[in-house]
Every structure is written in C-alpha cells, then in structure tokens.
Amino acid sequence: MSTDTFRNYNSTISSLSKIEKTYKKMLENQNIEFVNEMTEDFFMSNPVDYNIWNAIDMLDIIIDESDPDTDLPQIVHAFQTAETIRSTYMNNNKLKNIPIKSLFTEDEWFDLPIQYKNMYSTSIDMLYPNIIEWDWFILVGFIHDIGKIMLLDNFGNLPQWAVVGDTFPLGNKLDPNYVYSEKKYESSNIDLSTNIYINNCGFKNVFFSWGHDEYLAKTLERGDNNLPPEAIYIIRYHSFYSWHTPSNGIRGYKHLANHYDWLMLPLLKCLQKADLYSKSNNIPNKSEIKDKYNDLVSKYFPFQNIKLFQKYI
Ligand SMILES: [Fe+2]
Ligand SMILES: [Fe+2]
C-alpha cells in the first residue's frame with residue numbers, strides 16, 4: 001500500500017460506517033468520570049499471571065473496528081510492527097542515524113516551535129544518549145496492542161469505543177485535527193468543551209480517553225518486567241494522533257506538552273510509522289514468529305509472564 005492510502009476515513013465502503021459509529025460513541029461517552037471508573041474497575045484487584053504467548057494468542061480473535069487499514073489478526077499486526085521497527089530504525093541493538101526532520105511532514109516541521117526545531121536538527125540516535133540498549137523498542141512494536149484484550153469477555157467485554165481508536169485529552173477542547181471533528185459529535189460532552197489544565201503541564205498530568213494504550217501502560221507500570229520508562233511512554237501515547245501525526249500538519253495540544261513530551265515525540269513518531277505503514281497482507285507463520293521473539297520476550301518479561309488486570313464486575 002502507498003502511504004497516502006492509510007487512515008482513509010472517507011471511503012464509501014460500507015464497513016467504514018462502523019468506524020464512524022465507533023468514533024461518534026467515543027466522542028459522546030469518553031469523559032473523566034468514565035476514565036476514573038475504568039481505572040478503579042481494572043486496577044483495584046490483583047492481576048493474573050499470563051504466559052505472554054497466551055496473551056498474544058488471545059488477540060487473534062480481535063478485530064479493531066476503528067481501523068480502516070486491516071482486517072488481519074492482531075498477532076500478525078504485532079509481528080509486522082515489530083519487524084518494521086527492526087528493519088527501519090534499528091541496527092543491531094542501536095538506533096540508526098536517521099535525520100529526525102525526515103520523520104515530520106513539511107507542514108509539521110514548519111509548525112514546530114523554534115526551540116524544538118533546533119533540538120530536532122540532528123539524527124534520532126543522538127537524541128537519547130542515555131539509552132544504551134534498544135532491543136526493547138522492537139518488543140514494544142510486538143506488544144503495543146495487547147491492551148485490546150479489554151474487548152474480550154474475561155477482561156471486561158468493553159465496547160470498541162472504550163478500547164480502540166485515536167485517544168485524546170479530556171478536560172480540554174477537542175482539537176480540530178481529530179477524526180470526524182467536523183461532525184461535532186463531542187458537542188454534548190462537557191469534558192471536551194472546557195480547558196482545565198495549566199499550560200505545559202505535561203501529558204502525564206492530563207486525563208486521556210480510556211483505551212488499550214492507557215490500559216497496557218498502567219499494567220506494565222504495575223507488573224514485573226524490565227521495560228524502560230521510554231517504552232511505557234510510547235505505548236501510552238501511540239494512538240494520540242492529533243499530537244504525533246496531526247492530519248492537518250498543525251500539531252494539536254502543544255499547550256499541554258512539557259519538555260519530556262517533546263523529547264519523546266520523535267521516538268513516538270517512529271512507533272506510529274511502524275504501526276501504520278507495516279500493515280500488509282503478507283501473513284507470517286505463527287511458530288516462526290514465536291521462535292524469533294522467544295529470547296527478546298524472556299529478556300524483558302521474567303518467566304515470559306505478563307501480569308494482566310481483569311475488570312472487577
Ligand atoms: Fe494500538
Ligand atoms: Fe497497532
């Protein structure tokens with residue numbers, strides 16, 4: 001697929017009306033009260049240990065209704081995202097020296113505040129001097145969508161609008177580059193019509209819509225694993241398209257970002273590109289996938305276990 005054929009929400013293919021319905025419900029129903037309720041329901045009880053391969057296998061039966069680009073099983077998407085990170089951004093256990101500017105469109109680059117244009121006038125491997133080993137980045141590609149298990153009966157059976165799709169801040173007006181923002185579906189949602197944050201408070205101090213990003217980030221923060229904070233950060237914001245990949249070239253929510261959010265933006269963009277542009281219909285063999293990822297999974301998840309939280313009913 002060529003890059004301009006992805007994220008096309010205007011097609012007349014009948015299945016796409018399902019996508020619009022999911023976004024409509026999301027913009028009407030996601031609010032701070034709902035996010036607090038979900039956080040409490042999922043994280044008030046003890047997690048259950050799952051073998052990570054069983055967790056990934058569970059994704060097999062999930063179809064993401066917000067995604068216009070693929071109807072392949074999620075495990076294939078996980079593999080393709082990870083392999084794209086490996087081949088595009090990695091050289092052995094290091095990042096390649098890719099110019100950061102090449103990750104941005106011309107409009108996005110033009111719109112950057114001057115201090116960040118300066119900060120990004122280097123290659124991506126120079127931006128994170130404190131990180132020595134990078135193989136976790138490939139693993140992030142592999143596990144980034146595990147939070148979609150919230151669609152399954154054992155994990156809450158949540159509706160699609162509470163699990164998938166682009167995420168957005170609550171307690172702040174919806175940015176004009178959000179999908180379907182021209183339809184004003186959010187007009188009755190009080191948490192998308194007022195701004196409650198102080199400038200540059202940082203995304204870590206902002207309520208985000210509930211979804212598979214936040215669930216997995218919170219899960220990993222509470223479980224036994226060796227992933228660095230950068231890994232959890234990019235998982236947490238990988239569906240925050242208005243920020244990392246604004247459709248109109250004008251980055252949304254700049255007033256909420258702090259220095260750390262700007263520092264992480266190029267890395268987040270790498271994950272986004274691998275997440276989106278790796279979608280193709282080449283389906284790898286499942287046992288080959290397991291063979292290839294066994295060592296990497298063991299390195300970051302002791303005993304190959306992940307602690308997953310189930311919704312309290
Ligand atoms: Fe995702
Ligand atoms: Fe994904």
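Student: How many C-beta neighbours does Tyr 180 have inside 10 Å, and is Tyr 180 buried or partly exposed?

Tutor: Keep in mind that this is a predicted model. The general idea is to count the other C-beta atoms within 10 Å: 20 or more makes a residue buried, 12 or fewer makes it exposed, and anything in between is partly exposed. Tyr 180 has 17 such neighbours inside 10 Å, so it counts as partly exposed. You'll find Tyr 180 in the loop between β4 (169–170) and β5 (207–208).

Student: And what about Lys 184, buried or exposed?

Tutor: Lys 184 has 10 other C-beta atoms within 10 Å, so it is exposed. Lys 184 also sits in the loop between β4 and β5.

Student: What should I look for in the phi of Tyr 180?

Tutor: Start with the general rule: most residues other than glycine have a negative phi. Tyr 180 isn't a glycine, yet its phi is positive, about 65°. Lys 184 isn't a glycine either, and its phi is positive at about 55°.

Student: Okay, now helices. How many residues of helix α8 are buried?

Tutor: Use that cut-off of 20 or more again. In α8 (residues 135–143), seven of the nine residues are buried, so the helix is largely enclosed by the rest of the structure. Among them are Phe 137, Leu 139 and Gly 141.

Student: What covers the buried residues of α8?

Tutor: The cover includes α4 (74–89), β2 (90–91), α10 (229–236), α12 (259–277) and α13 (286–300).

Student: And how much of the whole chain is buried?

Tutor: Of its 313 residues, 40% count as buried. The chain has 13 helices and six strands in total.

Definitions and conventions. Residues numbered from 1 in each chain as written. Chains lettered and ligands numbered in written order. Predicted model: local features only at pLDDT ≥ 70, side-chain atom pairs only at ≥ 80, totals over all residues. Helix = DSSP H or I, 4+ residues; strand = E, 2+ residues; numbered from the N terminus. Contact = placed C-beta atoms within 7 Å.
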